Amino acid sequence: MNIYKKNPPNWSYDSIRTELLYFEKIYSERPIKDNQGGMKYPHMFAFYFILKNINPEFVVESGIWKGQSTWLIEKTLPNANILSLDINLKKREYISSSKRVTYSNKDFINHDFSKIPINSLVFFDDHQNSYERLMQSYFFGFKNVIIDDNYPILHGDTYSLKKIFHRSGLNDERTGFKNLIKALIMILNHYLKKKIDKSYKNEIFKYNLSVQDILPNENHFKNIDKIIETYYEFPPIFKTIETRWGDNWTEEFYPTEKPILDNSYKDKYKKAFEEAKDYNWLCYVKLK
Ligand SMILES: C[S@@+](CC[C@H](N)C(=O)[O-])C[C@H]1O[C@@H](n2cnc3c(N)ncnc32)[C@H](O)[C@@H]1O
């Protein structure tokens, strides 16, 4: 299986390795030492590198979690304005006090982006459907998009670009009996609250119902291929023998760019090596 590639930016492995030297210190200063459920070293570095090279004036972040990625955007782009979105803002541990950061619990599609600067960038780490996210970004006029949840064909709970390129559809692995009960309770709760309290208003996201399944569809590929100018998967820092799911990292199921470093650097970049499996083919997309 091949990696879909389109007009990759001119980012050499040497320039990536140089930035890695700077990033070691930045990562050691991160406010959340255990960011389980959020980005770890490989994606933090990829995000940092791309942000630094694109240097946008305005960044939208969709999916804050504890706030590690918000912190990284501020740290990397000291002059950028940032709109940080999460449908659940209560999980934040790092909360910025900067005037440049605005928080919102509204979904990306519910904002007004009619006056964004030309070099704005949107970062999606919200486990939503990437097909829809890319269309929405295009509609709003975002030229630069970074997607964290770029799961390979066999795994993940999100309809990723990688899945679209390989026409695999999505068979959401989370869908089990427990999730079904949770989804039913959520809908029942919503329905009953509306019945009891006429002023009650809430929105349920498809993702939270564990029903994101998508059938393979060639048109999804054709539609996004038309609007993509550049597609670039950031390479892993180290490539381990096994993937994070415990199977062998084969090119058949996990086509991947060559790693930035070989394993002889594992003592120099200890944390990067320790967290090497937290890699999901984070990608940069430039839209037409
Ligand atoms: C993987 S975490 C984000 C991790 C974070 N970027 C980091 O690196 O630490 C995913 C987050 O997406 C949020 N989320 C889910 N649906 C969302 C939506 N429609 N819009 C924005 N955020 C959403 C979840 O509440 C969760 O906090």
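This dialogue goes through the ligand site and the domains of a predicted model.

Trainee: What should I keep in mind about this model?

Mentor: In this predicted model, local features need pLDDT of at least 70 and side-chain atom pairs count only at pLDDT 80 or more, while totals for chains, interfaces and linings use all residues. Residues are numbered from 1 along each chain as its sequence is written, and side-chain values use heavy atoms, with hydrogens and water left out.

Trainee: Which residues come nearest to the ligand?

Mentor: A residue is near a molecule if one of its heavy atoms lies within 4 Å of it; here, of the 20 residues around the ligand, Gly63, Ser69, Asp86, Asp107 and Asp125 come nearest.

Trainee: Where does the ligand make polar contacts?

Mentor: A polar contact is a pair of N or O atoms within 3.5 Å. A ligand nitrogen lies 2.7 Å from a side-chain N or O atom of Asp107, a ligand nitrogen is 2.8 Å from a polar backbone atom of Gly63, and a ligand oxygen is 3.0 Å from a polar backbone atom of Met39. Of the 610 Å² that the ligand exposes when taken alone, the protein buries 92% (Shrake-Rupley method, 1.4 Å probe).

Trainee: How are the domains assigned?

Mentor: Bounds come from an automatic or database domain assignment, which gives domain 1 (13-171 + 216-287) and domain 2 (173-211). Their C-alpha centres lie 28 Å apart, and the contact (heavy atoms within 4.5 Å) takes 11 residues from domain 1 and seven from domain 2.

Methods:
Polar contact = N/O pair within 3.5 Å; in protein donor to acceptor, adjacent residues only side chain to side chain.
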